[in-house]
Amino acid sequence: MPRLLNQVAIITGAGRNIGEAAAKLFAAEGAAVAVVDLDRARAGKVTAAITAAGGRAKSFICDVTQEDQIADTVKSVAQEWGRLDILVNNVAISDNKHLFDITRQEWDRVFAVCLTAPMLFSKYAAKEMIAGGRGGKIVNVSSTSGHYGRPRAIAYTAAKAGVINLTRSLAIQLAPHNIRVNCVVPNKIGSPVGKDEFNPGRKVLNLRNRPGEPIDLARAMLFLVSDDSDFIAGTELFVDGGCAAIMPGSD
Ligand SMILES: NC(=O)c1ccc[n+]([C@@H]2O[C@H](COP(=O)([O-])OP(=O)(O)OC[C@H]3O[C@@H](n4cnc5c(N)ncnc54)[C@H](O)[C@@H]3O)[C@@H](O)[C@H]2O)c1
């Protein structure tokens with residue numbers, strides 16, 4: 001029995017990598033999937049692949065830095081399929097900048113995409129879920145970069161830390177409406193954020209001795225939006241091959 005039968009899911013940044021894998025997996029589990037991305041060609045390719053495999057999907061072109069586009073997207077998805085059950089706040093960009101290199105504008109853009117967009121999407125989606133009367137599930141995507149400092153990516157590391165506590169507050173504020181909110185924490189999955197190509201030489205340090213793949217994250221997201229995780233709320237699930245369990249410098 002498909003686990004998301006008749007449900008409707010929004011996945012942001014679903015044009016490639018982790019979001020793409022989640023869109024395909026959720027569709028294979030019976031959900032109608034809104035493939036939300038800024039890049040029309042990427043979104044179209046994912047939507048076409050899902051449709052060709054017999055699933056239900058539609059592209060929604062949206063710049064998540066724009067609140068009016070977020071509101072329109074949520075409204076259009078609910079109109080298209082008559083309900084909204086699931087939101088995955090997957091979209092992100094990184095800055096890869098040092099404190100002394102980053103401009104205010106670059107900082108603001110990373111925060112707009114990585115932290116403000118998940119808040120706004122959650123706000124509009126939760127209202128739609130509440131109107132539907134069936135509750136819902138939201139999964140945010142943080143990063144091990146939200147737990148540790150890095151020599152680069154000053155804005156990304158700060159924004160991803162914000163995503164973790166945003167998850168907790170959302171979980172508390174939306175619990176009365178039967179909306180469960182959780183967060184996944186990836187480390188070095190597929191391509192680096194913002195890059196097309198998978199780099200097989202990318203150095204990884206974890207307990208599985210392999211780089212993560214987008215499907216690893218998609219499976220964890222599926223768990224968090226399915227009834228199998230009914231008693232799990234406001235938490236973060238590390239999907240990092242055990243990387244965060246390793247004490248730096250330990251022997
Ligand atoms: N890839 C990793 O190694 C890794 C590690 C830790 C955390 N993560 C997190 O996982 C999530 C997905 O990462 P990924 O590597 O698959 O990302 P990616 O860069 O491969 O894909 C992101 C997608 O978001 C879209 N996008 C970018 N800006 C947008 C905007 N303003 N509006 C709408 N769409 C926009 C892009 O077109 C792209 O299709 C992110 O939250 C990221 O921080 C990834």
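Me: In what order do the elements of the protein run from the N terminus on?

Reply: This is a predicted model, in which local features need pLDDT of at least 70, side-chain atom pairs count only at pLDDT 80 or more, and totals for chains, interfaces and linings use all residues. Residues are numbered from 1 along each chain as its sequence is written. Helices (H or I, at least four residues) and strands (E, at least two) are DSSP runs, numbered from the N terminus. The protein has six helices and seven strands, and the order is β-α-β-α-β-α-β-α-β-α-β-α-β.

Me: What is the radius of gyration of the protein, and what does the globule rule give?

Reply: The radius is taken over C-alpha atoms, and the rule is 2.2 Å times the number of residues to the power 0.38. The protein is as compact as a globular protein of its length, 251 residues, because the rule gives 18 Å and the radius of gyration is close to that, at 17 Å.

Me: What share of the 251 residues is buried?

Reply: A residue is buried if 20 or more other C-beta atoms lie within 10 Å of its own, exposed if 12 or fewer, and partly exposed in between, with C-beta atoms placed from the backbone. By that count the buried share is 47%.

Me: Of contacts between residues at least 6 apart in sequence, what share joins residues at least 24 apart?

Reply: Two residues are in contact if their C-beta atoms, placed from the backbone, lie within 7 Å. Among the contacts asked about, the share is 72%.

Me: Which residues come nearest to the ligand?

Reply: A residue is near a molecule or strand if its C-beta atom, placed from the backbone, lies within 6 Å of it. The residues around the ligand number 30. Those that come nearest are Gly13, Gly15, Asn17, Ala92 and Ser143.

Me: How do the residues of the shell around the ligand divide?

Reply: Ala, Val, Leu, Ile, Met, Phe, Trp, Tyr, Cys and Pro count as nonpolar, Asp, Glu, Lys and Arg as charged, and the others, Gly among them, as polar. The shell divides into 13 nonpolar, 11 polar and six charged.

Me: Which helix gives the largest share of the shell around the ligand?

Reply: Its share is three residues. Of its 12 residues, 11 are buried, including Asn17, Glu20 and Lys24. Gly30, just after this helix, takes a positive phi of about 100°. The helix, residues 17-28, is α1.

Me: How far apart are the end C-alpha atoms of α1?

Reply: The expected span of a helix is 1.5 Å times one less than its number of residues. For the 12 residues of α1 that should be 16 Å. The end C-alpha atoms agree, at 17 Å.

Me: Which helix gives the most to the largest nonpolar core?

Reply: A nonpolar core is a set of buried Ala, Val, Leu, Ile, Met, Phe, Trp, Tyr and Cys residues joined through C-beta atoms within 7 Å. The largest has 75 residues, and Ile10 is among those with the most contacts inside it. Ile10 touches Ala125, among others. The helix that gives the most, 11 residues from 104-132, is α4.

Me: Which elements do the buried residues of α5 pack against?

Reply: Helix α5 covers residues 154-174, and its end C-alpha atoms are 30 Å apart, in agreement with the expected span. Its buried residues include Ile154, Tyr156, Leu166 and Leu174. They pack against α4, β5 (136-141), β6 (179-186) and β7 (236-239).

Me: Is Lys188 buried or exposed?

Reply: Lys188 lies in the loop between β6 and α6 and has a positive phi of about 45° although it is not a glycine. Its C-alpha atom is 8.7 Å from that of Lys203, which counts as exposed with 7 C-beta neighbours inside 10 Å. Lys188 has 21 such neighbours, so it counts as buried.

Me: What is the phi of Asn209?

Reply: Asn209 lies in the loop between β6 and α6. With 9 other C-beta atoms within 10 Å, Asn209 is exposed. Asn209 is not a glycine, yet its phi is positive, about 55°.

Me: Which residues is Ser226 in contact with, leaving aside neighbours within four places in sequence?

Reply: Ser226 lies in the loop between α6 (214-225) and β7. Ser226 counts as partly exposed, with 16 C-beta neighbours inside 10 Å. Its contacts are Arg3 and Leu4.
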